[in-house]
Amino acid sequence: MSTFKTIASRDRTLAVEISGSGEAVIMLHGLGGTMNIWHAQAQELSKRFTVIRVDLAGSRRSSTPAHLSIEGWVDDLAAIMRFEGIARASIVAHSLGTLIAQHFAAEHPDCISRLALFAVNKAPPDERRQALRDRAAKVRQDGLRSIVDGVVSAGTAPRARADNPLLEPFIRELVLRQSAEGYALSCEAIANSVAADLSRIRCPTLLVAGVEDAISPPKLAESVAPALANAKLATIEKCGHWLPIERPRDVMQRLGEFL
């Protein structure tokens with residue numbers, strides 16, 4: 001049984017789904033995603049944990065404020081924990097969500113038990129920042145249909161698409177149901193982001209990369225791991241950027257072992 005809530009945080013409302021009981025596990029999605037990318041894993045984890053999934057501000061069922069930033073998303077996460085009376089939680093995150101999780105863990109190290117980061121992100125290089133701003137401008141001008149095919153083809157492994165014919169339409173549906181302005185603001189928030197102070201993160205951290213991920217390749221996780229005090233690296237074969245829905249069983253296995 002899941003409970004759906006709407007939580008107010010400053011100038012926005014956040015859609016949250018809570019299931020299970022036990023220690024808290026908070027699950028964050030990436031750009032163009034929603035809490036539903038973690039549906040399969042949440043069903044399993046809720047047998048042992050209280051699982052809290054959220055649509056980030058600017059995404060799907062949560063509201064889109066006038067401005068989005070990593071700092072704002074971090075504040076939203078803190079607000080959810082306060083609202084639910086959670087002093088300490090593990091965070092499981094994908095893509096953009098991993099950047100938010102890093103900043104949250106660096107700012108609130110005593111509130112974090114473990115971090116599991118899938119398709120890890122870090123503050124982008126200059127050329128990537130401009131590409132994100134260009135994408136935001138394109139979405140505002142031409143809509144989400146203008147970028148959705150590229151999101152699917154660049155973000156998924158060919159074998160994963162062949163193994164699961166529902167993968168491509170599911171990602172298309174996720175992206176096309178977003179607010180175009182929310183998606184554009186999210187792109188700009190990533191473009192304006194800075195690196196988290198990873199030296200402040202002391203908790204056990206799992207970094208998982210898809211072997212065929214062209215967006216957050218394994219070498220990116222490898223570059224982040226040495227800055228963390230207690231990091232473990234893992235990869236998933238025949239998998240691209242959308243790990244939780246490309247290879248849900250493999251992702252669940254890594255999570256089950258780590259948590």
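**Exercise 1. Determine how many cavities of 30 Å³ or more are counted, and characterise the linings of the cavities.**

Step 1. In this predicted model, the count of cavities of 30 Å³ or more comes to two.

Step 2. The largest cavity holds about 60 Å³ of space. Its lining consists of Leu-14, Leu-28, Val-54, Asp-55, Leu-56, Ala-57, Trp-73, Asp-76, Leu-77, Ile-80 and Ile-100. Helix α2 (residues 70–84) gives the largest share of this lining, four residues.

Step 3. By class, the lining of the largest cavity has nine nonpolar, no polar and two charged residues.

Step 4. The second largest cavity holds about 40 Å³. Gly-30, Leu-31, Gly-32, Gly-58, Ser-59, Gln-178, Tyr-183 and Ser-186 line the second largest cavity. Here the classes are two nonpolar, six polar and no charged residues; Gly is counted as polar.

**Exercise 2. Describe the largest pocket by its volume, its lining and the helices that supply the lining.**

Step 1. The volume of the largest pocket is about 470 Å³.

Step 2. Its lining comprises 23 residues, and those nearest the centre of the pocket are Asn-121, Arg-128, Ile-215, Ser-216 and His-241.

Step 3. At least two lining residues come from each of α4 (126–142), α5 (148–155) and α8 (180–191). The largest share, three residues, belongs to α5.

Step 4. Sorted by class, the lining of the largest pocket has 13 nonpolar, seven polar and three charged residues.

**Exercise 3. Establish whether strand β7 (residues 205–210) is enclosed or open, and identify the strands with which β7 pairs.**

Step 1. The criterion for a buried residue is a relative accessible area under 20%. Six of the six residues of β7 are buried, so the strand is largely enclosed by the rest of the structure.

Step 2. In a regular strand, side chains alternate between the two faces of the sheet. Each face of β7 can be examined in turn: Thr-205, Leu-207 and Ala-209 are buried on one side, and Leu-206, Val-208 and Gly-210 are buried on the other. Both faces are therefore covered.

Step 3. Strand β6 (residues 112–118) pairs with β7 in the parallel sense over four bridges. Within this pairing, Leu-206 of β7 stands opposite Ala-116.

Step 4. Strand β8 (residues 231–236) also pairs with β7 in the parallel sense, over six bridges. Val-208 has Ala-234 in β8 as its bridge partner.

Step 5. The connection to β8 completes the description: β7, helix α9 (residues 218–224) and β8 make a right-handed β-α-β unit.

Methods. Residues numbered from 1 in each chain as written. Predicted model: local features only at pLDDT ≥ 70, side-chain atom pairs only at ≥ 80, totals over all residues. Heavy atoms only, no water. 1 Å grid on protein atoms, 1.4 Å probe; cavity = no way out; pocket = protein on both sides within 12 Å on 5 of 7 lines; lining within 4 Å. Points joined across faces, edges and corners; volume = space filled by probe spheres on them. Buried < 20%, exposed > 50% of the residue type's maximum accessible area, 1.4 Å probe, protein only. Pairing = 2+ DSSP bridges. Right-handed = clockwise from strand over helix to strand, strands pointing away.
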